[in-house]
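Subject: Structure handover

Dear colleague,

Here is the structure for you to take over. Please look through it alongside the notes below.

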Amino acid sequence: MTDFAALENAIWSAASAYDRAAIERLLAPEFFELSRSGRKYTREELLTDTSEGRPSEHRLHGLQTQAIAPGVTLVTYTSETRYPDETQWASRSTLWAQTAEGWQARFHQGTPLPETFRP
């Protein structure tokens, strides 16, 4: 049984640490993201981002999985990102596909979560 919570946490951890090798393993070549801000990011943009970003802690709440087809799983959850000066919440979804290299994310979307819908 695949531990999708571990895979999601690995993406958050690798992105936070800017670990290029980990991100290359986790994201499929055709990966793209529609971010919480509404911006579209490609895998290449994420791999070449060398900015440090703000220090933050991430928590994932209510993670659920749904098999879409053999070797394809949709993962949904709520993210809580704590910065020194604010906390951001988002509803998130990731489409994972099993490949020769293992499970890789092909698509991710983050949508800002209004206060009334937060856990």
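The notes cover the sheet, one residue within it, a buried arginine and the salt bridges.

Please keep in mind that this is a predicted model.

The sheet

Six strands make up an open sheet with mixed pairing, in the order S2-S1-S6-S5-S4-S3. Strand S2 (40-42) and strand S3 (57-69) are at the edges, and each has a single partner strand, so one side of each is left without a neighbour in the sheet. On average, neighbouring strands are turned by 15° against each other, direction ignored.

The run from S3 to S6 is described here pair by pair. S3 pairs with S4 in the antiparallel sense, over 10 bridges. Within this pair, Thr65 has Val75 in S4 as its bridge partner. S4 (residues 72-82) pairs with S5 (residues 87-99), again in the antiparallel sense, over 11 bridges. The connection from S4 to S5 is a hairpin of four residues. S5 in turn pairs with S6 (residues 102-112) over 10 bridges, in the antiparallel sense. Two residues lie between S5 and S6 in their hairpin. Across this pair, Ala97 is opposite Gln104 in S6.

Thr73

Thr73 is part of strand S4, and its bridge partner in S5 is Trp96. How buried or exposed is Thr73? Its relative accessibility is 9%, so Thr73 counts as buried, the limit being under 20%. Setting aside neighbours within four places in sequence, Thr73 is in contact with Phe4, Thr65, Gln66, Ala67, Ile68, Thr94, Leu95, Trp96 and Trp103.

Arg43

Arg43 belongs to helix H3 (residues 43-48). This residue deserves a look in the viewer. Arg43 is buried but has no salt bridge, and the nearest side chain of opposite charge is that of Glu24, 5.1 Å away. A salt bridge requires the nitrogen and the carboxyl oxygen to be within 4 Å, so the pair Arg43 and Glu24 does not qualify. The side chain of Arg43 does reach the backbone oxygen of Glu24, at 3.0 Å. Not counting residues up to four places away in sequence, Arg43 touches Glu24, Leu27, Ala28, Pro29 and Phe31.

Salt bridges

How many salt bridges does the structure hold? There are six. Among them is one between Glu24 and Arg20, with the closest N and O atoms 3.1 Å apart. Both residues lie in helix H2 (residues 20-26), four residues apart, or about one turn of the helix. Glu24 is partly exposed, with a relative accessible area of 32%, and Arg20 is partly exposed at 39%. Glu24 therefore has a salt bridge to Arg20, while its backbone oxygen is reached by the side chain of Arg43, a residue whose own side chain forms no salt bridge.

A salt bridge also joins the side chains of Glu45 and Arg39, at 3.2 Å from N to O. Glu45 counts as partly exposed at 32% relative accessibility, and Arg39 is partly exposed with a relative accessible area of 42%.

Arg82 and Glu80 form another, their closest N and O atoms being 2.6 Å apart. The two ends differ in burial: Arg82 counts as partly exposed at 39% relative accessibility, whereas Glu80 counts as buried at 4%. Both residues belong to a network of salt bridges that links Glu57, Arg59, Glu80 and Arg82.

Regards

Note on methods:
Residues are numbered from 1 along each chain as its sequence is written. This is a predicted model: local features need pLDDT of at least 70, side-chain atom pairs count only at pLDDT 80 or more; totals for chains, interfaces and linings use all residues. Side-chain values use heavy atoms; hydrogens and water are left out. Two strands pair if DSSP finds at least two bridges between them. Buried means under 20% relative accessible area, exposed over 50%, partly exposed in between (1.4 Å probe, protein chains only). Lys and Arg count as positive and Asp and Glu as negative; His and the chain ends are not counted. A polar contact is a pair of N or O atoms within 3.5 Å; within protein, one must be able to donate a hydrogen and the other to accept it, and residues adjacent in sequence count only if both atoms are side-chain atoms. Contact means heavy atoms within 4.5 Å. Axes are lines fitted to C-alpha atoms, for helices over the stretch in contact, and angles run from 0 to 180 degrees between N-to-C directions.
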